[in-house]
Every structure is written in structure tokens, then in C-alpha cells.
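Please consider the following structure together with its sequence. The paragraphs below discuss a covalent link and then a sheet.

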Amino acid sequence: QVQLVESGGGLAQPGGSLRLSCAASGSIFIMGTMGWYRQAPGKARELVATITSGGSTNYADSVKGRFTISRDNAENTVYLQMSVLKPEDTAVYYCNAQHITRLSRVNAYWGQGTQVTVSS
């Protein structure tokens with residue numbers, strides 16, 4: 001089993017910044033792609049950004065140029081630096097990790113979510 005613990009959410013003003021962290025722990029063999037998703041009230045969960053173990057990144061168009069995803073493979077931790085925040089970035093942000101087992105099975109895990117609120 002793998003556990004994901006997120007931190008760093010909170011309240012920010014429009015134009016401000018926040019940094020989210022997500023640390024994976026447990027019986028980790030190989031950690032594959034990690035990423036962040038978000039869900040606003042009344043909306044479906046959507047991809048924000050992903051990063052492979054090799055460092056290749058993918059971003060939603062709505063956050064390109066404002067958010068930066070990074071990871072520390074040694075610590076099995078993924079980060080999301082959010083800048084130039086907008087009210088529409090308000091959502092619960094979820095960490096996702098694709099864990100590869102010794103039998104080459106890929107299991108997806110989710111964090112508990114952290115609230116990000118952008119408001120003046």
C-alpha cells in the first residue's frame with residue numbers, strides 16, 4: 001500500500017502564489033507518473049499537471065505558464081508551484097501517483113485533497 005499526504009493549500013489573493021507538496025510513503029517499489037488534479041464545486045475532477053519519473057511534464061492549458069510541477073524522486077515527493085493565481089483556480093487539489101509493483105502492476109493512488117481558495 002502507498003499513502004499520499006498533501007500539504008500547502010490555503011487562502012491566497014488573486015495574483016498570489018502557493019506551493020503544494022505531496023509525499024508518498026509505504027511499500028514503494030517504483031513510483032511512476034505523479035500529478036495533481038483539482039475539483040471545483042459542482043464540477044468534475046480535472047487534470048492540472050503531471051510529471052513522469054524522468055521529468056517530462058504535462059499541463060492543462062488553463063495553468064500553463066503559471067503553474068510548475070516538479071518532483072524529488074529520492075523522497076517520492078511531488079510539488080506544484082502555483083503563481084499568478086486566479087479566483088477560478090479555487091478548488092480541492094488532489095495528488096495522484098502511479099505506483100509500479102514488483103509484478104509490474106500499476107496501481108493508482110490519491111491523496112486526501114487540499115483546499116486552495118483564491119479570493120480578495
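Which residue does the disulfide join to Cys22? The partner is Cys95, and the S to S distance in this predicted model is 2.1 Å. That separation satisfies the cut-off, because a disulfide is a pair of cysteine sulfur atoms within 2.5 Å. The structure holds 1 disulfide. The two cysteines lie in distant parts of the chain, 73 residues apart: Cys22 belongs to strand β3, which spans residues 18-26, and Cys95 belongs to strand β9, which spans residues 91-100.

Why is this disulfide described as left-handed? The torsion about the S-S bond of Cys22 and Cys95 is about -80°, and the disulfide is therefore left-handed. As for solvent accessibility, Cys22 is buried, and Cys95 is buried as well.

Strand β3, which carries Cys22, also takes part in a sheet. Strands of a sheet pair through backbone hydrogen bonds, either parallel or antiparallel. Here the sheet is open and consists of 4 strands in the order β1-β3-β8-β7, with antiparallel pairing. Its edge strands are β1 (2-7) and β7 (67-72), each of which pairs on one side only. On average, neighbouring strands of this sheet are turned by 15° against each other, direction ignored.

The pairing of β1 with β3 can be followed in further detail. These two strands pair in the antiparallel sense over 6 bridges. At the residue level, Gln3 stands opposite Ser25 in β3. Strand β3 thus appears in both parts of this account: it contains Cys22 of the disulfide, and it stands between β1 and β8 in the order of the sheet.

Notes:
Residues are numbered from 1 along each chain as its sequence is written. This is a predicted model: local features need pLDDT of at least 70, side-chain atom pairs count only at pLDDT 80 or more; totals for chains, interfaces and linings use all residues. Side-chain values use heavy atoms; hydrogens and water are left out. Buried means under 20% relative accessible area, exposed over 50%, partly exposed in between (1.4 Å probe, protein chains only). Two strands pair if DSSP finds at least two bridges between them. Axes are lines fitted to C-alpha atoms, for helices over the stretch in contact, and angles run from 0 to 180 degrees between N-to-C directions.
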